[in-house]
Amino acid sequence: MLRRQFLRLSGVLLAGVWLAGCASPQYLQLSPERSGNVPQTGSGQQVTVVAVDGRESEVIGTRAGGNMSTAQITVNSHELIPQLQAEAERAVREMGFNPTTEQAQGRPTLTLELASLHYGRGDSGQPLVDEARLEGVFRAIAKNKGTTYTGTYTSRRTQGYAVKPGEDTNTRMLNDLLSDGLNRAFNDPELGRLLAR
């Protein structure tokens, strides 16, 4: 009798620990990095560079695909935006410009906006295999001498899994996704052309 109660209690505790592990919230610290070459258009002109967060929420989705708050995946703006600011400044410098964060009358400006970042659950169509669907959207707005150019750059990734990805795996996947978005944005020759006018 005592042994049966002990086994039942142990089973309940183990199930609770397993469920808690599967549905624990994740707070991801991302550090995407742009790679590859950028168009060389500048000749030392100063450009005001600003990175902003245009997302509606810092919660980008849930691990289980439902609405459980315990399974939420969060990417905090105050941690990600400085990373994007640094990458935007580095890209502008490599394009041949002199980046600054100070505004000035008549100075060209480039705003890099993280418009959206989403982590959803897909349907792999295979038994025992789930799917994570990631999407990130950047918007780059270049302004110079009364002219504005806006480019929108979308990156998507689908990843199948049998065991729900942990924080390290999700961090790596989202870093890859946002790095791809940064590459798309700063490889756009129209941005540099407008800033160099």
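**Figure 1. D180 in helix 3 and its salt bridge to R184.** In this predicted model, D180 is partly exposed, with a relative accessible area of 31%. R184 is also partly exposed, at 44% relative accessible area. The two residues form a salt bridge in which the closest N and O atoms are 2.7 Å apart. Both D180 and R184 belong to helix 3, and they are 4 residues apart, about one turn of the helix. Elsewhere, R34, E87, R90 and E94 are joined into one network by salt bridges that share partners. The structure holds 11 salt bridges.

**Figure 2. The salt bridge between D176 and R157.** The closest N and O atoms of D176 and R157 are 3.3 Å apart, and the pair forms a salt bridge. D176 lies in helix 3, whereas R157 lies in strand 8 (residues 147-161), so the pair ties together parts that are 19 residues apart in sequence. D176 has a relative accessibility of 42% and counts as partly exposed. R157, at 25% relative accessibility, counts as partly exposed because buried means under 20%.

**Figure 3. Packing of helix 2 against helix 3.** Helix 2 spans residues 77-94 and helix 3 spans residues 167-186. The two helices pack at an angle of about 35°, and their axes are 11 Å apart. The crossing of helix 2 with helix 3 is right-handed. On the helix 2 side, the residues in the contact are L80, L84, E87, A88 and A91. Helix 3 meets them with L178, L182 and F186. By class, the residues of this contact comprise 7 nonpolar, no polar and 1 charged.

**Figure 4. Surroundings of E87.** E87 is placed in helix 2. Is this residue buried or exposed? E87 has a relative accessible area of 10% and is therefore buried, the cut-off being under 20%. When residues up to four places away in sequence are not counted, E87 touches P32, E33, R34 and L182. Of these, L182 is one of the helix 3 residues in the contact between helix 2 and helix 3. R34 belongs with E87, R90 and E94 to one network of salt bridges that share partners.

**Figure 5. Strand 6 between two pairing partners.** Strand 6 (residues 109-122) is mostly covered, with 10 of its 14 residues buried. Strand 2 (residues 46-53) pairs with strand 6 in the parallel sense, over 6 bridges. In this pairing, V52 has E113 in strand 6 as its bridge partner. Strand 7 (residues 130-144) pairs with strand 6 in the antiparallel sense, over 13 bridges. There, L112 stands opposite A140 in strand 7. In a regular strand, side chains alternate between the two faces of the sheet.

**Figure 6. The salt bridge between R121 and D130.** R121 and D130 form a salt bridge, with the closest N and O atoms 3.0 Å apart. D130 has a relative accessibility of 22% and counts as partly exposed. It is not classed as buried because that class requires under 20%. R121 is partly exposed too, with a relative accessible area of 44%.

**Figure 7. Contacts of K143 in strand 7.** K143 is found in strand 7. Its relative accessibility is 44%, and K143 counts as partly exposed. Which residues does K143 contact, leaving aside neighbours within four places in sequence? They are P108, T109, T148, L194 and L195. One of these, L194, is 51 residues from K143 along the chain, yet the C-alpha atoms of the two are separated by 7.2 Å.

**Figure 8. The whole chain, for orientation.** The protein chain has 4 helices and 8 strands. From the N terminus on, the order of these elements is α-β-β-β-β-α-β-β-β-β-α-α. Of the 197 residues in the chain, 41% are buried. Among contacts with a separation of 6 or more, 74% are between residues 24 or more positions apart.

Note on methods:
Residues are numbered from 1 along each chain as its sequence is written. This is a predicted model: local features need pLDDT of at least 70, side-chain atom pairs count only at pLDDT 80 or more; totals for chains, interfaces and linings use all residues. Side-chain values use heavy atoms; hydrogens and water are left out. Axes are lines fitted to C-alpha atoms, for helices over the stretch in contact, and angles run from 0 to 180 degrees between N-to-C directions. A crossing is left-handed if the near helix is turned anticlockwise from the far one by less than a right angle, and right-handed if clockwise. Contact means heavy atoms within 4.5 Å. Ala, Val, Leu, Ile, Met, Phe, Trp, Tyr, Cys and Pro count as nonpolar, Asp, Glu, Lys and Arg as charged, and the others, Gly among them, as polar. Buried means under 20% relative accessible area, exposed over 50%, partly exposed in between (1.4 Å probe, protein chains only). Two strands pair if DSSP finds at least two bridges between them. A salt bridge is a side-chain nitrogen of Lys or Arg within 4 Å of a carboxyl oxygen of Asp or Glu.
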